[in-house]
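Here are some notes for a colleague who is about to look through this model. The points go from the chain overall to one sheet and then to one helix.

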Amino acid sequence: MYAPVAGSDKKYEYGKAADMVLDSFSAFDPKVGELARRVFDESRVDSEVRKGKRDGAFCWSVVPEMTPYVLLNYQGNARDVATMAHELGHAIHSMLASHHSAFTFHSSLPLAETASTFGEMMFTDKLLAEETDDAVRRDILFKQVDDAYATIMRQSYFAMFEKQAHEMIQKNASVDELCAAYMENLKEQFGDSLELSDEFKWEWVSIPHIYHTPFYVYAYAFGQLLVFSLYQQYKIEGDSFKPRYLKILSAGGSEAPAKILEEAGINIRDPKFWQGGFDVLEKLVSELEKMPVGGKKGRRSAACGNSKVRRLLKAKPPKEGKEEIRSIKSRSEKSGF
Ligand SMILES: [Zn+2]
């Protein structure tokens with residue numbers, strides 16, 4: 001469902017890319033930079049593309065006392081460098097929480113992408129500040145906005161469908177009725193921005209979370225907005241934000257996310273905090289809209305003119321009630337793409 005965008009072919013040599021990432025981490029806090037360097041120094045990164053190797057990228061923190069392992073498939077474009085920053089962010093998260101037991105050092109899902117996305121944002125800011133090549137800047141901005149869409153909007157709509165589906169099944173709904181409800185959900189999500197062919201009514205069947213870990217996908221949207229909001233606070237507060245942020249990471253999964261955040265002075269029931277996250281996203285979209293797309297011929301603005309996206313950049317106040325944010329110990333791949 002994602003429109004392809006012409007990419008940049010600028011390549012970053014691996015050693016230079018690692019230096020760029022380490023520099024952006026050290027600029028935030030020297031201790032964070034040192035931890036990331038340890039991952040390289042102890043040869044924990046498998047970066048080359050080889051026949052038979054699995055694709056993608058991930059970080060695996062085995063036990064608290066071991067430096068985490070990072071798998072990349074590094075091919076040198078700006079997106080690969082951002083992925084390196086993302087995975088090293090995961091490594092730093094568990095290294096900062098290594099004083100906890102094997103049961104509590106892994107963060108729970110709503111906080112699992114905190115250090116990774118934050119690391120990616122730090123790197124992106126540095127790249128956008130230094131890089132003059134429009135194609136690279138566009139690549140990196142598209143990655144940020146695509147990822148944010150896949151993580152916030154898509155997952156929220158999956159969650160809404162999931163709630164609806166459970167209600168419908170209580171009333172003996174048929175598979176055809178569920179398909180029709182899913183199609184309505186997609187139509188509301190995408191509006192007139194694309195034509196949905198009929199087979200998309202079956203898409204929900206292919207989302208494993210719906211069967212294996214019901215009511216799970218909200219945490220992706222929660223986590224991504226949380227990091228954007230934290231990043232916004234960092235931009236506003238500067239140095240005084242850093243100890244609070246490091247405290248969140250060093251808690252690992254030892255407490256419920258709401259408690260960890262409360263102890264760091266963050267009230268997740270305050271709509272203003274969430275609006276900060278949407279503001280970061282709005283800034284990314286605005287920057288992207290200003291950029292030219294395509295080659296020399298037919299250059300046009302990247303603006304999609306989709307007022308719906310803009311409308312969604314307004315945080316809604318939370319619903320009444322004091323439901324606790326569930327701690328989810330298991331992690332799996334994000335549903336949907
Ligand atoms: Zn991640």
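What percentage of the 337 residues of the chain count as buried?

1. In this predicted model, 33% of the 337 residues count as buried. The chain's secondary structure comes to 13 helices and 5 strands, and among its contacts with a separation of 6 or more, 74% are between residues 24 or more positions apart.

2. Three of the strands form an open sheet with mixed pairing, in the order β1-β3-β2. The edge strands, each pairing on one side only, are β1 (45–46) and β2 (58–60). The pairing of β1 with β3 (residues 69–71) is parallel and runs over 2 bridges, and valine 45 stands opposite valine 70 in β3. Helix α3 (residues 78–96) packs on this sheet, where it touches β2 and β3, and the direction of α3 makes about 20° with that of β2.

3. Helix α5 (residues 114–130) has 17 residues, which at 1.5 Å a residue should span 24 Å; the end C-alpha atoms of α5 are 25 Å apart, in agreement with that expectation.

4. Is α5 enclosed or open to its surroundings? Because 12 of its 17 residues are buried, α5 is largely enclosed by the rest of the structure. The buried residues include the run Thr114, Ala115, Ser116, Thr117, Phe118, Gly119, Glu120, Met121, Met122, Phe123 and Thr124, and Leu127 is buried as well. Among the elements that cover them are α1 (14–28), α3, α4 (109–112), α6 (134–170), α9 (218–237) and α10 (242–250); of these, α3 is also the helix that packs on the sheet.

Technical notes: Residues numbered from 1 in each chain as written. Predicted model: local features only at pLDDT ≥ 70, side-chain atom pairs only at ≥ 80, totals over all residues. Helix = DSSP H or I, 4+ residues; strand = E, 2+ residues; numbered from the N terminus. Buried ≥ 20, exposed ≤ 12 C-beta atoms within 10 Å, placed from the backbone. Contact = placed C-beta atoms within 7 Å. Pairing = 2+ DSSP bridges. Axes fitted to C-alpha atoms, helices over the stretch in contact; angles between N-to-C directions. Expected span 1.5 Å × (residues − 1).
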